[in-house]
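The following exercises are to be worked through with the sequence and the coordinates at hand. Each task is followed by a solution in steps.

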Amino acid sequence: MGFDLVIKVGGEGGEGVISAGDFLTEAAARAGYEVVNFKSFPAEIKGGYAQSIVRISDIKRYSTGDGFDILCCFNREAYEFNRKHLKEGCVLIYDSSDFEPEEHEGVYLYPVPLSELARDVMKAYITKNVIALGVLCELFKIPDQSIKDSIRAKFLRKGEEIVAMNYRALETGINYVRENLKKTDPYIFPPPLEPKDVVIMEGNQAVAKGAVVAGCKFYAAYPITPATTVGNYIVEDLIKAGGWLYQAEDEIASLGMALGASFAGVKAMTATSGPGLCLMTEFLSYAGMTELPIVVVDVQRVGPATGMPTKHEQGDLYHAVYGGHGEYPKAVLAPTNVEECFYLTVEAFNLAEKYQMPVFLLSDASLSLRTEAFPTPKVENIKVINRWVYRREDDPEGRFIRNDRFLRYALFTEDGITPVGIPGDPNAIHAITGLEHQENSDPRNRPDIRTLQMEKRMRKLEKLLKEDAERFYEFDCPYEQADIGIITWGLTASVAKEAVERLRSRGARINALYMKLLWPVRADLIESFARSCGRIAVPETNWSGQLASILKQETHLRPITFNIYRGEPLIPKEVEAFLEFLIENPEVREGRFTAADIFGEERVYGLI
Amino acid sequence: MGVYRRLEAQLKPVDYKSDIEPTWCAGCGDFTVISSLTKVFSELRIPPESIVQVSGIGCSSRAPLFMRTYATHTLHGRAIPFAIGVKLANPELTVICNVGDGDLFSIGAGHNPHAARRNIDITVICMDNQVYGLTKNQVSPTSREGLYGSLTPYGNIDRPINPVAQMLSFGATFVAQTFSGNPKHMTEVFKEAISHRGFAFVNVLSPCPTFNKVDTFKYYREKVKDVNSELPFLEYPLVKEKNINEEGHDPSDFKTALELALHDLDHYYNPNAPVPIGVFYRKEEETYEDRVSRVKERYKAVKEPTLELLQSFINACKPEAI
Ligand SMILES: Cc1ncc(C[n+]2csc(CCOP(=O)(O)OP(=O)(O)O)c2C)c(N)n1
Ligand code: SF4
């Protein structure tokens, strides 16, 4: 077993819990380790329970694991939330000026009067989190210089005094441990490795960087948690790269503007979350009908209505696939980790441009906030596709011109894709309309025109399925005939990977399919995967099993679903338990299972 | 107004007409709107390829389809956001929204204040027939009280909004009203509106003979008075008090513009009241696009980013860089 350590920091929202976790993440990445960080906090600005989990390993990990080795509680609430998971061998560091924990057998306890130190020694309560970091540094030999570098980077904008104050807070924590505590636990931060060429990004940051690399030039924003930070992250790069961010009056306008920009010839994007996606729906079908390339990022949160704004759920897949009246071509992509947030955003632009249609990127609240280190993308190796722009000189016979008018919606191309005309070009003057139209955009209700145009638009998906779908299916099938085949998407896929590895190491025969293109569906590939598996299991963090339903509709599969909807991502142990349950109950071949079926009463607490 | 270039030789108005035949009822006020527009394009020598006309949904919103310029017939109420996207993507284009009163002031009412206050350089032409035409006769936000519609058989019990006063208060830098029964006046107003650098709004009183039997050509022909030139307008006592000079109203005077605008709907309640048309307000001011350019300069924005620049955005996330 290599190195694998999970540190969890919990406390009150606004107390610096999240930034403490970020500092630890950066320190681990600087030391050359693989790192994943998961954050969660309430929607309110201050108060409520916030936590940050940092997992540091020497091999790539996709989830933050099942629990923690080291728990640092800034207040009693954090302790109350986590005490049931304090197992033998864990470390508990707690604010002894706030509370005293109960007896926990085999748990290493380190009382540190965090609040008191902040108030009385530092005379600044806001330094509490950095004092705690000092404690962690000293106890576990985390290189404090690395934390100092992060502090400097974060606070330099606020001035040298603030940096110096935080350095002192770090020392205060270090000194407190030296003078008052005796290390009894076995955890030691490992010696630094050869540094790797990596970047550290948050999910939404990776989406923002991917968009700019893909050539995005216009971003329309309307703030909504957890999508807002895509805009925060993109704005400066976008402007430097010659683009612009416009803060719209609502989501209807933001998608409308993005489409206007797309019509004028630039690559455009907007990001939102469920309630905003609802408002955008009318323009989604417009984009489909008028064949405008557009990327819509939906950072899913818990619904319905305003639901739980900062919490995780895979609840918007139906909306992405079926949203909008009428039928129109679209593609839905979903990243499973931060690295894919980057690369799939580029892919989303490429598909939108190639097929001239709306493409969704379905991220989610916890993916948006997750930090990961991954190999530095090399821009020169990234393939960027641009739409087919009409050029008169490429059309000597004038096939795309009739009666002096550009045929934006010509019917004669085999794949349904026709060149776009960009305003400013005298040879391609045309109109677009959300009404059904003939080849020259003239609105028409005739049955023949309707039929042919509908087929033209939908033909684009046939091409997509043939040319592009396969690379978005990650098959992991070591067994010619497996007992169970697991199909997952989004963050759940990352969690499932770890569960599958563990079960396989114990002899279970499980094949896996991680789907990153959720619409349209390559039924043949999925069915042939299913043939290599006795039964198909689909765990999702939603009520009804949305991917499972789509698979039921599009294929002959009858998946066994596992649905958890508590507002938190699954953890590997849960997926593992579900798959074990299936192995132990071979007669189960179909149906829907929830946490209650597998864990009974435990389900309402959540496991993290 | 942004244009790529002026045409050397002038195109004829008919060169700006498309081969799509208008679907409007005979006698619809909107016909003269497109003939005035094509005349203005011709006179201003704007190349058809550098014009983008954006509309919403309604009878009036079909207008761009009938002209030979780039055109987008969007969704009910959504022309303005779409037009903003076009303009920001390419500020050199001349962007015009052709919309109806229901489109602009009912379903799309959330959008126009923001385009106006930000002084985005687009021209919004509202064909105001005081009724919903395409959906076959319902009252609109500009319908007078008492008007019958298919959903108001008891007569409209709502008060109308005042488009001119509203757009002035939102901060539009050009606000005018004209009448489609007076193509000469309309052409002049359109010309000024389209030439205006900044957000321009023109309310066109454009009767719907099919459904609105009250606010007709005949009705307006007798009532419209040009605030800028026609002296008879000054006889209207409330305005006289404001001391408008003898040449008529000076459009740089915002206060008087608002005062005049507040009397725009008096004719609904007073059979002797005139209907003011003309340019109420005009002000040269920094546009949104000007401000964008300044920000871009500060950020040293480049038009086409190099691979090195893009790579530097990524490298900023390396642990040693943060
Ligand atoms: C979202 C939506 N709601 C309703 C309609 C139906 N609709 C089409 S045009 C229209 C009103 C048009 O009135 P106006 O904007 O005044 O234009 P006019 O037809 O009078 O020129 C309505 C309600 C629609 N197309 N879309
Ligand atoms: S219904 Fe009225 S507004 Fe519509 S085309 Fe006919 S006359 Fe014009």
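A residue counts as buried when its relative accessible area is under 20%, and as exposed when that area is over 50%. The model examined here is a predicted one.

**Exercise 1.** Determine how many residues of strand 7 of chain A are buried, and identify the strand to which strand 7 is joined by five bridges.

*Solution.* Step 1: apply the cut-off of under 20%. Five of the five residues of strand 7 (residues 198–202) of chain A satisfy it, so this strand is largely enclosed by the rest of the structure.

Step 2: separate the two faces. In a regular strand, side chains alternate between the two faces of the sheet. On one side of strand 7 of chain A lie A:Val198, A:Ile200 and A:Glu202, and on the other A:Val199 and A:Met201; all are buried, and both faces are thus covered.

Step 3: find the partner. Strand 14 (residues 371–375) of chain A runs antiparallel to strand 7 of chain A and is joined to it by five bridges. Within this pair, A:Pro375 of strand 14 stands opposite A:Val198.

**Exercise 2.** Establish the strand order of the seven-stranded open sheet of chain A, and describe the helices that pack on it.

*Solution.* Step 1: write down the order, which is 9-8-10-11-13-12-21, with mixed pairing. Strand 9 (244–247) and strand 21 (517–519) of chain A are the edge strands, each pairing on one side only. On average, neighbouring strands of the sheet are turned by 25 degrees against each other, direction ignored.

Step 2: examine one pair. Seven bridges link strand 11 (residues 294–300) and strand 13 (residues 358–364) of chain A in the parallel sense. Here A:Leu361 of strand 13 is found opposite A:Val297.

Step 3: add the helices. Helix 9 (residues 251–263) of chain A touches strands 8, 9, 10 and 11 of chain A, and its direction makes about 165 degrees with that of strand 10. Helix 10 (residues 274–290) of chain A touches strands 10, 11 and 13 of chain A; its direction makes about 160 degrees with that of strand 11.

**Exercise 3.** Which backbone feature marks A:Pro304, and which marks A:Ala305?

*Solution.* Step 1: inspect omega. The peptide bond from A:Gly303 to A:Pro304 is cis, with omega near 0 degrees. A:Pro304 belongs to the loop between strand 11 and helix 11 (317–322) of chain A.

Step 2: inspect phi. A:Ala305, found in the loop between strand 11 and helix 11 of chain A, has a positive phi near 55 degrees although it is not glycine.

Step 3: classify by accessibility. The relative accessible area of A:Ala305 is 66%, and this residue is therefore exposed.

**Exercise 4.** Characterise the second largest pocket by its volume and its lining.

*Solution.* Step 1: state the volume, about 980 Å³.

Step 2: count the lining. There are 36 lining residues, and those nearest the centre of the pocket are A:Gly242, B:Leu88, B:Ala89, B:Pro91 and B:Lys303. By class, the lining comprises 14 nonpolar, nine polar and 13 charged residues.

Step 3: assign the contributions. Strand 8 (216–221) of chain A, helix 2 (79–89) of chain B and helix 10 (288–298) of chain B each supply at least two lining residues. Helix 10 of chain B gives the most, with five residues.

Technical notes
Residues numbered from 1 in each chain as written. Chains lettered and ligands numbered in written order. Predicted model: local features only at pLDDT ≥ 70, side-chain atom pairs only at ≥ 80, totals over all residues. Heavy atoms only, no water. 1 Å grid on protein atoms, 1.4 Å probe; cavity = no way out; pocket = protein on both sides within 12 Å on 5 of 7 lines; lining within 4 Å. Points joined across faces, edges and corners; volume = space filled by probe spheres on them. Helix = DSSP H or I, 4+ residues; strand = E, 2+ residues; numbered from the N terminus. Nonpolar A, V, L, I, M, F, W, Y, C, P; charged D, E, K, R; others polar. Pairing = 2+ DSSP bridges. Axes fitted to C-alpha atoms, helices over the stretch in contact; angles between N-to-C directions. Contact = heavy atoms within 4.5 Å. Buried < 20%, exposed > 50% of the residue type's maximum accessible area, 1.4 Å probe, protein only.
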